[in-house]
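The exercises below are meant to be worked through with the model open beside the text. Each one sets a task and then follows it with a solution in steps.

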Amino acid sequence: MQIIKLDATDSTNAYLKGLITSNDSRDFTVVVAKNQLKGRGQMGTQWISEEGKNLTFSVLKENNDLSSDNPFLLNIIVSLAIFNCLNNLQVPDLKVKWPNDILSGTSKICGILIENIISGNKIRASIIGIGLNVNQTVFHTISNASSMKLLLGKTFDLDELLRALLKSLESTFQDAQKMGSEKLWKAYGEILFRKDKPSTFQDSNGKKFMGFIRGVSAEGKLIIALEDNVKKEFGFKEVTLLY
Ligand code: BTN
């Protein structure tokens with residue numbers, strides 16, 4: 001495994017994308033930065049992280065059969081890998097908020113941004129970007145955020161933690177081949193935030209509604225049972241869970 005350590009870059013996802021374009025990368029190449037100047041979050045948001053306090057890194061995953069037939073499986077594998085690693089480190093009350101935010105209680109401690117490199121109509125490779133709040137204790141502009149230090153009351157060694165996360169990613173990718181998609185889906189469903197609990201959502205027109213999360217469809221859409229018990233599937237941009 002090749003690990004590229006940078007003091008600063010715009011975004012580790014963007015840096016890794018550049019390496020792929022220049023053909024200077026292999027499966028599981030990792031780019032980690034102490035500081036991101038233009039950290040990217042989901043849906044065009046910014047990922048803000050205090051310099052030197054947290055983990056911001058990206059992992060290249062070259063195409064495997066699992067992800068090309070079933071793109072959402074990659075979200076599941078990455079979520080499970082991070083969940084298991086943090087669970088082993090005793091981070092309390094972990095859940096995965098669909099599609100792949102990692103929460104402790106109701107606070108977000110980790111965000112994942114997966115960007116696919118498509119050639120033809122196939123996913124050639126995926127860039128798995130991970131931002132984990134580790135030793136930062138003040139979050140000025142972000143509500144609902146926490147960190148491992150705030151939750152566990154101790155400072156973590158970032159290199160050690162990165163090694164543990166990469167090990168978990170590697171082993172979960174290996175296990176995924178043996179487990180097959182059905183078991184992975186089940187494992188993901190078991191750790192899904194607010195599953196089977198009455199919840200409030202907002203659709204893309206701003207309309208609020210009540211429902212129960214029942215699971216995630218084969219295409220990765222969130223399955224919500226509405227008040228009349230009719231199940232409806234929502235894509236990533238179509239619904240927000242309010243909590
Ligand atoms: C989210 O919005 O929850 C996803 C955040 C992903 C942040 C990580 S930090 C490392 C990688 N590089 C980026 O620019 N973004 C991802």
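**Exercise 1: A hairpin and its register**

In this predicted model, S119 stands opposite K122 in β7. Starting from this pair, describe how β6 and β7 are joined and in which sense they pair.

*Solution.* Begin at the turn: β6 and β7 form a hairpin with two residues between them, and G120 in that turn has a positive phi of about 65°. Next, follow the strands away from the turn: β6 covers residues 107–119 and β7 covers residues 122–132, and the two pair in the antiparallel sense over ten bridges. As a further check on the register, G111 stands opposite G131 in β7.

**Exercise 2: The sheet around β7**

Determine the order of the strands in the open sheet, and decide whether β7 is largely enclosed or not.

*Solution.* The sheet has seven strands in the order β1-β2-β3-β7-β6-β5-β4, and its pairing is mixed. Its edges are formed by β1 (3–9) and β4, each of which pairs on one side only. Averaged over the sheet, and with direction ignored, neighbouring strands are turned by 20° against each other.

Turn then to the pairing of β7 with β3, where eight bridges join the two strands in an antiparallel arrangement; within this pairing, F57 stands opposite I130 in β7. For the burial of β7, take under 20% relative accessible area as the cut-off: nine of its eleven residues are buried, so the strand is largely enclosed by the rest of the structure.

Finally, place the helices. Helix α1 (residues 12–21) lies across β1, β2 (30–36), β3 (55–62), β6 and β7, and runs at about 30° to β3. Helix α3 lies across β3, β4, β5, β6 and β7, and runs at about 150° to β6.

**Exercise 3: The nonpolar cores**

Identify the residues with the most contacts inside the largest nonpolar core, and state which helix gives the largest share of that core.

*Solution.* The largest core has 57 residues, and those with the most contacts inside it are F57 and L132. Helix α3 (residues 72–88) supplies the largest share, namely twelve residues. A second, separate core has eleven residues, among them A33, L60, I117 and A125.

To see the surroundings of F57, leave aside residues up to four places away in sequence; the residues that F57 touches then include V30, V31, V32, I128, I130 and L162.

**Exercise 4: Aromatic pairs**

Classify the ring pair of W98 and F236 and that of F201 and F209, and compare the burial of the residues involved.

*Solution.* The structure holds seven aromatic pairs. In the pair of W98 and F236, the ring centres are 6.1 Å apart and the planes are at 85°, so the pair is edge-to-face. W98 lies in the loop between β4 (94–97) and β5 (101–104), while F236 lies in the loop between β11 (231–234) and β12 (239–242), so the pair ties together parts that are 138 residues apart in sequence. W98 is buried, at a relative accessible area of 11%, whereas F236 is partly exposed, at 32%.

In the pair of F201 and F209, the centres are 5.5 Å apart and the planes are at 20°, so this pair is stacked. F201 is buried, with a relative accessible area of 0%, and F209 also counts as buried, at 15%.

To complete the survey, note that F72, W185 and Y188 form one aromatic cluster, and that K61 lies over the face of F173, at 4.9 Å from the ring centre.

Note on methods: Residues are numbered from 1 along each chain as its sequence is written. This is a predicted model: local features need pLDDT of at least 70, side-chain atom pairs count only at pLDDT 80 or more; totals for chains, interfaces and linings use all residues. Side-chain values use heavy atoms; hydrogens and water are left out. A nonpolar core is a set of buried Ala, Val, Leu, Ile, Met, Phe, Trp, Tyr and Cys residues joined through side-chain atoms within 4.5 Å. Buried means under 20% relative accessible area, exposed over 50%, partly exposed in between (1.4 Å probe, protein chains only). Helices (H or I, at least four residues) and strands (E, at least two) are DSSP runs, numbered from the N terminus. Contact means heavy atoms within 4.5 Å. Rings of Phe, Tyr and Trp (its six-membered ring) pair if their centres lie within 6.5 Å; planes under 30 degrees apart count as stacked, over 60 as edge-to-face and the rest as tilted. A charge sits over a ring if NZ of Lys or CZ of Arg is within 6 Å of the ring centre and within 35 degrees of the ring normal. Two strands pair if DSSP finds at least two bridges between them. Axes are lines fitted to C-alpha atoms, for helices over the stretch in contact, and angles run from 0 to 180 degrees between N-to-C directions.
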